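Q: Could you show me how to read a model like this one, going from a single helix up to a whole chain?

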Amino acid sequence: MNGTLSHSPAQSAPFWNDPDKRAIIYQIIALAIVLSAGYYLFHNTRANLERQNIASGFKFLQKESAFEIGESLISYSAADSYGKALLVGVLNTLKVSFIGMILTVIIGTIVGISRLSTNWLVAKLSAIYIEVLQDIPLLLQLVFWYAIFYETFPSPRQAVNPMSGVFLTNRGIMFPIPASHPAHEFMFYAFLTACAAAFVLRRWARRRQDRTGKAFPVIRVSLGMLFSFPAVVWLFFGSPSGLSVPVLSGFNFEGGMTISPEFGALLLGLVLYTSAFVAEAVRAGIQSVSHGQTEAAMSLGLKPGLVLNLVILPQALRVIIPPLTSQMLNLTKNSSLAVAIGYPDFVSVANTTINQTGQAIEGIVLIMAVYLFLSLSTSLFMNWYSKKTAMVER
Amino acid sequence: METENNINPTGYDDVRPPVVHTGVIGWIRKNLFNSWFNSILTLIVLYALWKIIPMLIQWAFIDGLWMTGGAQCRAESDGACWSIITANFRFIIFGFYPQDSQWRPFVCMVLLTALLLVSRNRRYWKKPLGLAWIAGLIIMGVLMYGGVPGLERVESDKWSGLPLTMLLSVFGMVAAYPFGVLLALGRRSEMPAIKTICIFYIELIRGVPLISLLFMSSILFPLFLPEGLTINKILRAQAAIIMFTAAYIAEVVRGGLQAIPRGQYEAAESMGLSYYQKMRLVILPQALKIVIPPTVGILVSAFKDTSLVVVIALYDLLATAKSTLSNPEWMGFSVEAYIFIAIIYFICCYAMSNYSRRLERELETGR
């Protein structure tokens with residue numbers, strides 16, 4: 001009797017007191033609740049759709065969209081399909097996010113470093129910048145900038161002309177760009193080649209430094225290549241320097257490059273708002289590196305530039321990267337607020353599609369899927385990156 | 001021999017007095033002109049401020065009009081037209097709420113502010129304050145909705161302006177908090193099915209913008225419900241905000257749970273505490289305390305995010321301002337109206353984030 005008890009105590013306890021069995025029961029209950037709730041919603045939805053005669057499915061993507069989109073990276077007209085319209089939306093979202101990210105990182109870093117400046121005036125101004133922009137809702141900032149563009153800038157006929165060729169109007173900001181020339185395509189390829197060469201050079205320099213201890217000025221040489229490769233191609237094509245200058249014709253400008261008020265306001269709002277958060281992350285990252293590290297590096301005889309490059313930055317970056325990633329993701333997600341000021345981003349195009357076709361479920365599933373894809377792929381990449389740069393501790 | 005020639009025959013050193021390090025001049029030298037780079041920077045910044053600030057003061061105050069009509073603003077002055085605020089103050093703040101019952105949302109806001117002010121002090125964080133919050137929220141709900149003797153019923157589609165913004169964020173936070181804690185516990189659970197459900201939920205919600213959830217609430221929720229059953233728009237938006245905020249709270253709380261040393265879990269278990277007792281008595285009190293500052297941060301962003309309900313045509317503070325601007329008399333004074341709204345948001349958020357920083361300092365001394 002005693003023997004059996006000590007060998008299998010579980011037999012004497014009722015099954016609801018056995019943690020393992022209880023865990024299984026809890027999980028079954030949780031799954032049952034989730035599944036039945038899901039089924040209930042699915043059932044209701046199907047009944048509602050049948051009543052409203054809405055056919056579900058993604059067939060509507062091939063139908064003609066019959067609406068125009070204000071700005072597009074690829075050629076698009078109202079005769080194209082809904083699928084293509086949504087693609088235009090995705091590209092617009094990517095465009096504003098990509099440009100926004102670059103500007104945000106630059107401005108955020110500058111403001112974050114200024115926040116720690118020994119110059120009282122600069123430090124205080126950065127603090128005000130961070131505090132004010134963080135504490136005002138992004139949507140409000142967007143409509144504010146849009147109002148500034150739209151209400152205070154004049155019509156094209158009375159355009160403000162601060163520099164020759166640059167015009168500020170309520171139709172957008174116009175400025176000259178180089179006139180299109182076949183050389184540009186080859187310059188782009190030259191630039192890509194330079195990128196690849198810089199990458200190879202960096203690996204070679206690192207290996208040589210590991211082997212011989214000799215450092216190689218990688219950054220300066222890489223920058224030189226990135227600039228000189230396209231420049232050589234440009235010279236080879238006889239240095240085409242024609243400009244496409246915006247000219248007033250009728251009620252609007254033609255030629256040159258135009259930043260629409262919608263895009264301008266969205267970009268400005270996103271960059272200013274997000275850069276305040278990035279600045280905080282940069283400040284925290286720099287402050288996280290203890291002063292002893294700087295002193296230790298200097299006592300080894302490193303020059304100030306090398307101290308920053310080899311000791312401070314690698315350690316600060318490790319602290320900065322995770323919050324920076326989430327801010328970049330926030331920027332991408334927040335670009336969906338474009339719908340409030342009429343920039344044709346993905347959400348805005350999908351919203352129009354939903355209103356025209358009534359395919360609400362498919363539309364919202366598409367919106368969620370696209371953003372989920374962007375978020376998850378970014379965080380996968382960032383996880384890989386932070387694992388790669390993780391500190392190997394003693 | 002040569003060194004002797006250098007000795008000053010008068011016996012006095014020809015050394016200049018030391019650089020002043022105290023007083024106003026010392027402060028300026030130390031903080032504004034401590035290197036040639038900083039000196040140039042200071043001069044550039046001062047010049048920019050010298051150009052910008054007088055211009056802004058001229059626009060906002062000297063040329064600004066405060067108590068006129070829109071037409072006068074347009075005709076008379078280049079300055080700011082603050083009259084749009086003074087003339088439409090009631091509408092921007094209270095929106096479509098019936099004018100004769102306006103004291104009700106006003107009392108709600110006073111009550112809420114009082115509760116928040118009392119909650120600032122950590123000495124009061126005890127049961128009575130919790131009960132006061134519950135009572136306060138119920139009173140606010142009753143005051144806004146009415147329907148009891150003496151209070152006329154006000155349908156929720158009339159709720160708008162600042163009270164709507166405050167209700168959405170406060171009720172959103174209060175409801176999302178326990179939900180978020182549950183999700184965090186679920187994510188840390190050892191049961192694979194529960195863990196998967198929680199991870200799936202949290203990552204799904206955090207991966208999509210709030211706007212898509214709001215669209216879902218306004219377009220899809222009606223489809224999800226059985227025929228004949230409808231939920232009003234504000235509640236649906238509120239549900240979306242709660243779902244969204246909960247996922248973010250869950251991640252913050254998870255951080256707190258991870259920061260508690262394993263020894264605490266093991267000690268609680270070896271005392272024979274059940275899972276519920278272990279969490280309630282040992283782990284959560286410590287974990288939730290660590291994450292108070294980031295939680296306030298989430299409260300701030302939830303408050304800011306309520307402004308997104310504009311896109312599903314709810315009339316919060318921003319939307320009432322926008323609809324004032326669509327009145328032909330006041331068209332074109334967006335900048336003034338938006339600055340006013342921005343100041344309201346700024347004061348609220350600044351108070352909250354300042355408080356969170358203070359708490360962070362207070363809580364820093366051990367657990």
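**Helix 16 and its surroundings**

A: Let us begin with what surrounds a helix, keeping in mind that this is a predicted model. The cover over the buried residues of helix 16 of chain B includes helix 5 (138-152) of chain A, together with helix 5 (83-94), helix 14 (292-305) and helix 15 (317-325) of chain B.

Q: Which residues of helix 16 of chain B are buried?

A: A general idea helps here: an α-helix has 3.6 residues a turn, so residues three or four places apart point the same way. In this case the buried residues of helix 16 of chain B include B:Ala337, B:Ile341, B:Tyr345 and B:Cys348.

Q: What is the reach of helix 16 of chain B from its first C-alpha to its last?

A: Helix 16, residues 334-363 of chain B, has 30 residues and reaches 42 Å, which is close to the 44 Å expected at 1.5 Å a residue.

Q: How many residues does each chain bring to the contact?

A: Chain A brings 48 residues and chain B brings 43 residues. On the side of chain A that touches chain B, helix 2 of chain A gives the most, with 12 residues, and by class that side has 34 nonpolar, 10 polar and 4 charged residues.

Q: How many helices and strands does chain B have, and why is it said to be more spread out than a compact globule?

A: Chain B comes to 16 helices and 0 strands. Its radius of gyration is 29 Å, well over the 21 Å that the globule rule gives for 367 residues, so chain B is more spread out than a compact globule.

Notes:
Residues numbered from 1 in each chain as written. Chains lettered and ligands numbered in written order. Predicted model: local features only at pLDDT ≥ 70, side-chain atom pairs only at ≥ 80, totals over all residues. Helix = DSSP H or I, 4+ residues; strand = E, 2+ residues; numbered from the N terminus. Expected span 1.5 Å × (residues − 1). Buried ≥ 20, exposed ≤ 12 C-beta atoms within 10 Å, placed from the backbone. Contact = placed C-beta atoms within 7 Å. Nonpolar A, V, L, I, M, F, W, Y, C, P; charged D, E, K, R; others polar. Rg over C-alpha atoms; globule rule 2.2 N^0.38 Å.
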